[in-house]
Amino acid sequence: MFFLIKNQLEECSAEQCHDAASPFVAVLTPSQWTQQSENFDMGIDFDINSEEIFTTKAEVNYDSLTGTFYIPTQSSRSSSPHGFSFVLDETGIVFIDESDTALTIVKRIQNYKRWKKPCLERFLYDFLELIIHNDLRIMQKYELELDSLEKEIMSNAETAHMERNNEIRGDMRDLRIHYEQLLDFGQELEENENGFFKEENLRYFHMFSSRVDRLYDSATHLRDYTIQLNDLYQSQLDVRQNRIMTVLTVVTTIFMPLTLIVGWYGMNFKYMPELESRIGYPVVIILSILIVVGSLTFFKIKKIL
């Protein structure tokens with residue numbers, strides 16, 4: 001499909017696209033690009049392989065700018081990442097996409113965007129902004145999940161869903177890589193090495209880079225939050241384990257003197273007067289109770305229990 005960048009995107013034919021004075025936007029499949037690439041007069045032999053798109057990047061050529069977009073599942077809110085290529089010069093931009101990802105974004109711009117000063121730079125800004133426009137909401141959702149997980153850990157660490165924490169940390173890693181690449185992309189556009197863009201319009205790319213930079217900081221904050229939750233989870237388990245060990249230590253300490261008494265009177269020497277005493281048995285019972293009560297009282301005073 002072909003569009004002209006006027007006060008809004010206007011759909012047009014291929015012939016109108018090539019002959020118009022306004023900058024254009026074209027969305028083609030790889031096979032269509034192979035057939036029609038010479039019509040765009042961009043002077044580039046661009047090899048398209050949609051199966052090998054794993055990064056967002058821009059490469060400066062002699063008379064064109066080429067690159068790829070890679071939108072991870074966390075940002076695209078789909079089950080699989082999206083990737084497509086592009087070629088641009090001062091006359092317009094061509095998206096080469098096997099799926100309908102690029103066309104969907106372009107259609108949204110056509111339906112909802114109106115411009116007082118239409119230009120290629122403003123279209124690129126709106127296109128890039130639509131790639132990340134849901135990401136702040138996604139960050140907020142992740143933060144709410146982590147807040148809930150923190151409460152679970154403080155309530156009962158053993159039942160907390162820590163596997164979700166690990167999943168979020170992985171998502172933040174992917175998003176940080178995504179934002180790093182978008183930052184490099186925006187800086188490449190702002191550099192304007194080939195002079196495709198007007199100097200007064202480079203501010204659009206600066207605005208985009210600033211927004212991506214804030215998203216990168218948010219992703220970094222959430223990644224650090226997941227690490228803190230892991231530490232909190234481990235500390236809560238350690239506290240619980242220490243409590244168990246404290247109880248076992250107290251029980252062992254209480255029964256040590258009782259074990260001594262059992263061992264002492266279990267020797268059965270012939271001349272042990274307590275063995276033949278009528279009060280020997282109740283005395284040992286009372287002594288054992290006093291030891292237990294005294295030990296418990298001592299531990300309470302020391303705030304061990």
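Start by selecting Phe-3 and Glu-11: Glu-11, in strand 2, is the bridge partner of Phe-3. You are looking at a predicted model, where local features need pLDDT of at least 70, side-chain atom pairs count only at pLDDT 80 or more, and totals for chains, interfaces and linings use all residues. Residues are numbered from 1 along each chain as its sequence is written, and side-chain values use heavy atoms, without hydrogens or water.

Now show strand 1 (residues 2-5) and strand 2 (residues 9-12), which run antiparallel and are joined by 4 bridges. Strands here are DSSP runs of E, at least two residues, and helices are runs of H or I, at least four, numbered from the N terminus; two strands pair if DSSP finds at least two bridges between them. Strands 1 and 2 form a hairpin with 3 residues between them.

Add strand 3 (residues 24-28), which pairs with strand 1 in the antiparallel sense over 3 bridges. There, Ala-26 is the bridge partner of Phe-2.

Next, turn on side chains in strand 1: Phe-2 and Leu-4 point one way, Phe-3 and Ile-5 the other, and all are buried (under 20% relative accessible area, 1.4 Å probe, protein chains only).

Then select Phe-123. Leaving aside neighbours within four places in sequence, Phe-123 is in contact (heavy atoms within 4.5 Å) with residues including Ile-5, Val-25, Phe-95 and Trp-115. Phe-123 also belongs to one aromatic cluster with Phe-69, Phe-84, Phe-86, Phe-95, Phe-127 and Phe-185.

Last stop: Arg-203, whose charged end sits over the ring of Tyr-204, 4.5 Å from its centre (the criterion is CZ of Arg or NZ of Lys within 6 Å of the ring centre and within 35 degrees of the ring normal).

How values were computed. Rings of Phe, Tyr and Trp (its six-membered ring) pair if their centres lie within 6.5 Å; planes under 30 degrees apart count as stacked, over 60 as edge-to-face and the rest as tilted. Buried means under 20% relative accessible area, exposed over 50%, partly exposed in between (1.4 Å probe, protein chains only).
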